[in-house]
2 protein chains.
Amino acid sequence: MVAQRGEGDEVVTTATGMPAVQGAPIVPEQDEVVVRERARAIPEAAVARLAVYLRVLSGMVDQGVTTISSEELSAAAGVNSAKLRKDLSYVGSYGTRGVGYDVEVLVSHIERILGLTRKHSVAVVGIGNLGHALANYGGFQSRGFPVAALFDVDEDLTGVPVGGIPVNHIDDITAVCVEREVSIGVIATPPQAAQAVCDRLVSAGVQCILNFAPVVLQVPDDVEVRKVDLAVEMQILSFHVARRADEASAEQAANDLINGVGVDRVVIRP
Amino acid sequence: MVAQRGEGDEVVTTATGMPAVQGAPIVPEQDEVVVRERARAIPEAAVARLAVYLRVLSGMVDQGVTTISSEELSAAAGVNSAKLRKDLSYVGSYGTRGVGYDVEVLVSHIERILGLTRKHSVAVVGIGNLGHALANYGGFQSRGFPVAALFDVDEDLTGVPVGGIPVNHIDDITAVCVEREVSIGVIATPPQAAQAVCDRLVSAGVQCILNFAPVVLQVPDDVEVRKVDLAVEMQILSFHVARRADEASAEQAANDLINGVGVDRVVIRP
DNA sequence: TACCGCTTGTGAAGGCGTGCACAAAGTCGG
DNA sequence: CCGACTTTGTGCACGCCTTCACAAGCGGTA
């Protein structure tokens, strides 16, 4: 059973240093079987990039490319080639030195690591502007995340099909999510409702949540939340606009200064 | 002029070590005026959190809270209190020891750092499902990012108002963006069109871009791009689902092992 | 005014991720 | 079969970010 999980696992006993499978007849109470997860060892940042590589590689497959070097792939993904190779090394060593990577092999291994070999049904809660857009968004289906259920509080919406799927009332969330094996919940409600919706998703057994509402959700440790806050993104951009403007005006001011006092050159240091 | 920019700046000459404002009649060719940006020193990660703090603080203002401690604010923002204080220290020291922070003072200083004292007009390109949702999304307006222009290639859409703003044809992008002083461009087009749209935005003088299209945009160094890729978010969640499932099955397998060979306890190490 | 308790602000340490640089390993041409 | 060339995989060092821990500072109280 354990062997099936692949060569990345270790099963060791901390006290005896002896493999558990050779377990002695009597094992002390304080002994532990430590199972180290290869998957756990992949940095979050690398996981995000793997998803990007996968997208680029899919495009390559469509173009009939069969082999690609780390240099080419990293350029297409907009990252450093060393970083790319390190990221791929988390997945395993599936490249050929002197040649590069077999595109299809790489695709299948990344898909395996990202868990894309399983089906991940998605439920969207909150069928407002954003919910509508998400329900109609083809990108989910096409990349293996079928939208299996839609929910809203508004009873007028109940039964109305959006993007081909009828909207359910939010009170049915537990039953429907369990029945349709929803593994990812998307919260696209107003902020006031988000925490309550989140709680209901969690009690329906959903362990992964993508939150578009601008609130910090409180969840148990075993639930994973990712947040997309458009206003925060805008404000980060705003910060950069301001920084640029500051730099420009500082440079301008400094140049004025030059003209006044005879300094030759202005350098804005990072 | 330089002094106006605040106490975070330094103006020094590297060769003479003498302040530039006291510049000697003759200044050597290799002298440099070095202007260090306080803004530049704020880590990107901290900027993102500042935006979150700002949102929480705005809620506090609405509730009539006038003072808040780092402990309370950090809890509400879902971060470590030490991290919060360090983040706020980048903004400046505006707290009172033994008391906490004055909410309104903090709000205004964070707004200043994030550049929210200026108006940032937004243009949305690509009025499909997502573009519609973005145009109608009230969160932009309410947080100081008025949507000033909409664009699409589809001539049937031209002139049709969406969210109260008429759609322009994409060929007019430069003229309209310049006229309405657009500082942030949002790309919500299909992936094939994204790079071309991006190039046109850049040549229209837009220096900040929020990209929803699943492609890596190539831009000049002086343009800031932030990316929101829903499929990538889903795949990251998928990875966590898979990891959980692996852990569960590993634990199960290990427990089976226990029953077989008499190990007492199984620990899954991070 | 002097003390006490509370909270900020920050020096320092530790951890994590990035990028460099190179050995290992494979292909290709002769 | 061999040597030259190409590209992977990774050890290592550096730098950024996070976290801890505590001194400094302020308000309240007697």
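This is a short exchange on salt bridges, burial and a small set of strands in a predicted model.

Author: The model is predicted, so local features need pLDDT of at least 70 and side-chain atom pairs count only at pLDDT 80 or more, while totals for chains, interfaces and linings use all residues. Residues are numbered from 1 along each chain as its sequence is written, chains are lettered from A in the order in which they are written, and side-chain values use heavy atoms, without hydrogens and water.

Reader: What makes R55(B) and D229(A) a salt bridge?

Author: A salt bridge needs a side-chain nitrogen of Lys or Arg within 4 Å of a carboxyl oxygen of Asp or Glu. Here the closest N and O atoms are 2.4 Å apart. The pair therefore qualifies. R55(B) sits in helix α1 of chain B, and D229(A) in the loop between β12 and α9 of chain A.

Reader: Why is D229(A) called buried?

Author: Buried means under 20% relative accessible area, exposed over 50%, partly exposed in between (1.4 Å probe, protein chains only). D229(A) has 5%, so the label is buried. R55(B), at 13%, is buried too.

Reader: Why does R200(B) count as partly exposed?

Author: Its relative accessibility is 29%, which lies between the two cut-offs. R200(B) also forms a salt bridge with D171(B), at 3.0 Å from N to O. That pair ties together parts 29 residues apart in sequence.

Reader: How do you know how many disulfides there are?

Author: A disulfide is a pair of cysteine sulfur atoms within 2.5 Å. By this rule the count over all chains is zero.

Methods:
Helices (H or I, at least four residues) and strands (E, at least two) are DSSP runs, numbered from the N terminus.
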